[in-house]
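Open the model in your viewer and switch to a cartoon view. The stops below go from strand to sheet to helices.

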Amino acid sequence: MGPVRAARIRRPLRGRRGAAPKVVALGGGHGLSASLTALRRITGELTAVVTVADDGGSSGRLRDELGVLPPGDLRKALAALCGDDDWGRTWSEVVQHRFKSEGALHDHAVGNLLIVALWEQLGDHVQALDLVGKLLGAHGRVLPMSAVPLELTALVRGHDPVRPEETGSVRGQATVALTPGEVQRVRLDPADPPAVPEAVAAVREADWVVLGPGSWFTSVIPHLLVPELLQALTETKARRVLSLNLAPQPGETEGFSPQRHVEVLVQHAPKLTFDVVLADQDAVPDFGSLQAAAGRIGAAVELAPVAAQDGTPRHDPELLAAAYDRIFRMHGRIGPWR
C-alpha cells in the first residue's frame, strides 16, 4: 500500500453492529504513550499493556524502598489516555508533575505516588489502575504485563570498549537502555513471570494488537518474554501491527536499521507473526530489505508520514492516528467487529 497522507481522521471505526474495534497496545515509556495518544483518537475500546522492568529514577526508588511494581510507565500510559479537554489536560499535567527539592521527594512524580498509594490501600494492581483511570477520565484501560517486578538482563557485545569483540551481561533496565556495545538478546528475571490475567484476556479478545514503538529491548521485546502473554499474542485471532521507531536509540539500538529491529524481535519470538509493519516513510532507506524482513513474519509493510514536523524523533499524534486508522480499515476483517 502507498504512504498515508496527512488527512482528517474519520470518526472512530465501527462495524455494522455499531461496536468500535477492540485494540490492545503493548510497550512502555514514551513510545507506548505516542501510540496511545494516537489510538484514543480512533477507538473507545483501548487497553494498554505495560512493561514492569523499569529500575531507574522515581520508579526504581519506589521499587527498591517499597517492593512494588515500577509505576512510571503505567503513569505515562494513563497520562497519554487523558482527553484533550480541560479536565484531561489538567490531570495529565498533574500526574506527570515531578517535585523539585533538596529532600527525599526530589524527582518523584505525583502519579507514581498516587498509583503506589492505591496499590497499598486496595491490594490489587488492576483495581487501583482502573480507579486512577476513572479519576483522570482516561480513554482506555492500563494494565501491567505482570504482577511481579521484573529485572532485565542483556547479552551485549562490546560492552567493554577495551574488548570490543567480547560478549558480556548487563543487568537492569536503566543500564541496558544506555549500554555501549550492541545488545544481542535480553531475558527477564524471573525467567517465567506470571502474566496479569486481564492483560492476557484483553489480547485474546482484541480485534487489533499493536506492538511498539518504543525502546526495543527494554519496552517492546519484554512482552514476548512472558510465556502466557506470548502464547496469547501467538494464538489471538486479532490482527497484529508492529510499529517501528523513527530512529535508532543511542546505546540500546545504535546503528540498527528498521529491518534489524524486525530481525531481533524474531530471534526472541520466532513463531510470532504480524499482519502489518508500520514505519515512517522517511526512516526507511532500504525498503526492499524491510519488506523482506517483514515477509518473514507474514506482514505487509505500510509506510506513512508519522514523524513530528519539527525534526525531532517523535511521533505526531494526528499523523500516527491517521496511519493506524487507514491500516485498520484497509487490513481489517470484512464484516462486523467481534
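This is a predicted model. Start by selecting Val 276 and Ala 300: Ala 300, in strand E10, is the bridge partner of Val 276. Widen the selection to strand E10 (residues 300-304) and strand E9, which run parallel and are joined by 5 bridges. To follow the chain between them, add helix H12 (residues 287-295): the path leaves E9, passes through H12 and arrives at E10 in a right-handed β-α-β crossover.

Stay on E9, residues 276-280, and show its side chains. Which of its residues point one way, and which the other? Val 276, Leu 278 and Asp 280 point one way, while Val 277 and Ala 279 point the other way. Buried means under 20% relative accessible area, and 5 of the 5 residues of E9 are buried, so the strand is largely enclosed by the rest of the structure.

Next, select strand E8 (residues 239-243), which pairs with E9 in the parallel sense over 3 bridges. Here Leu 242 stands opposite Val 277 of E9. Helix H11 (residues 258-268) carries the chain from E8 to E9, and this β-α-β crossover is also right-handed.

Now zoom out to the sheet. It is an open sheet of 7 strands with parallel pairing, in the order E3-E2-E1-E7-E8-E9-E10. Strand E3 (141-144) and E10 stand at the edges with a single partner strand each, so one side of each has no neighbour in the sheet. On average, neighbouring strands are turned by 20° against each other, direction ignored.

Within the sheet, select strand E1 (residues 22-27) and strand E7 (residues 208-211). They pair in the parallel sense over 4 bridges, and Ala 25 has Val 210 in E7 as its bridge partner. Add helix H8 (residues 197-205), which packs on the sheet and touches E1, strand E2 (45-50), E3 and E7. The direction of H8 makes about 125° with that of E3.

Then select helix H13 (residues 317-331). It lies across E1, E7, E8, E9 and E10 and runs at about 155° to E9.

For the last stop, select helix H1 (residues 29-39) and helix H3 (residues 72-80). Their axes are 8 Å apart and they pack at an angle of about 20°. Angles under 35 degrees count as roughly parallel, so H1 is roughly parallel to H3. Their crossing is right-handed. Show side chains at the contact: residues of H1 including Gly 29, Leu 32 and Leu 36 meet a group in H3 that includes Asp 73, Lys 76 and Ala 80.

Note on methods. Residues are numbered from 1 along each chain as its sequence is written. This is a predicted model: local features need pLDDT of at least 70, side-chain atom pairs count only at pLDDT 80 or more; totals for chains, interfaces and linings use all residues. Side-chain values use heavy atoms; hydrogens and water are left out. Buried means under 20% relative accessible area, exposed over 50%, partly exposed in between (1.4 Å probe, protein chains only). Helices (H or I, at least four residues) and strands (E, at least two) are DSSP runs, numbered from the N terminus. Two strands pair if DSSP finds at least two bridges between them. A crossover is right-handed if, with the strands pointing away from the viewer, the path from the first strand over the helix to the second runs clockwise. Axes are lines fitted to C-alpha atoms, for helices over the stretch in contact, and angles run from 0 to 180 degrees between N-to-C directions. Contact means heavy atoms within 4.5 Å. Angles under 35 degrees count as roughly parallel, over 145 as roughly antiparallel, 65 to 115 as roughly perpendicular and the rest as oblique. A crossing is left-handed if the near helix is turned anticlockwise from the far one by less than a right angle, and right-handed if clockwise.
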